[in-house]
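Please have the sequence and the model open while you go through these notes. The points below take the strands before the helix and end with some backbone angles.

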Amino acid sequence: MANAEECREALEQLSRNMARSTGDVRKAAALDRSLSCRITDLDLTFTGRLRDGRIQDVVSAPGAPAERAEIRLTMSSDDLLALVGGRLNFASAWVGGRVRLEASIRDLLRLRTLL
């Protein structure tokens, strides 16, 4: 099980990866939406804002998110690290129930490029 600091670093790495992206991926990451990432095994939620192709203003709090974000991810700490590290395919993890992604249909269609 990864710890909270490793999860925060993984989210920062994801943000850096998105900021360096180009083409359709860069376009998909250019949303301006609230974001939450619930880490089930740590009972911790990171919240922030997806803006200008980066995840910004990230904070963490114990438990479930206080407010419903426009884009919501739920997974274990190890799955977050594996996804960001390229050792876990998002589509396979999502189909297998290891990762949950909730967003509007419009956002899901746009985000599929990132996944």
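1. Which residue of strand 2 does C37 stand opposite? The residue opposite C37 is F46. Keep in mind that this is a predicted model.

2. The pairing around C37 belongs to a longer stretch. Strand 1 covers residues 33–39, and strand 2 covers residues 44–51. The two strands pair in the antiparallel sense, over seven bridges.

3. Strand 1 also pairs with strand 4, which spans residues 71–75. Here the sense is parallel, and there are five bridges. As one example, L35 has I71 of strand 4 as its bridge partner.

4. Is strand 1 mostly covered or mostly open? It is mostly covered, with seven of its seven residues buried. In a regular strand, side chains alternate between the two faces of the sheet. On one side of strand 1 are R33, L35, C37 and I39, and on the other are S34, S36 and R38. Both faces are covered, and the residues named on each side are all buried. Note that R33 and R38 appear in these lists, on opposite sides.

5. Helix 3, residues 77–84, is mostly covered as well: six of its eight residues are buried. The buried ones are S77, D79, L80, A82, L83 and V84. Where do they pack? Their partners are helix 1 (4–19), strand 1, strand 4 and helix 4 (90–95). Strand 1 and strand 4, which pair with each other, are thus both on the list of elements that helix 3 packs against.

6. Now the backbone angles. Just after helix 3, G86 has a positive phi of about 80°. Most residues other than glycine have a negative phi. Two aspartates should be checked against that rule.

7. D43 has a phi near 50°, which is positive although the residue is not glycine. Where is D43? It is in the loop between strand 1 and strand 2, a hairpin with four residues between the strands. D43 counts as partly exposed because its relative accessibility is 42%, and the exposed class requires over 50%.

8. D57 also has a positive phi, near 55°, and is likewise not glycine. D57 lies in strand 3, residues 54–62. Is D57 buried or exposed? D57 is exposed, because its relative accessible area is 56%. When you look at the model, compare the settings of the two aspartates: D43 is in a loop, whereas D57 is in a strand.

How values were computed: Residues are numbered from 1 along each chain as its sequence is written. This is a predicted model: local features need pLDDT of at least 70, side-chain atom pairs count only at pLDDT 80 or more; totals for chains, interfaces and linings use all residues. Side-chain values use heavy atoms; hydrogens and water are left out. Buried means under 20% relative accessible area, exposed over 50%, partly exposed in between (1.4 Å probe, protein chains only). Two strands pair if DSSP finds at least two bridges between them. Contact means heavy atoms within 4.5 Å.
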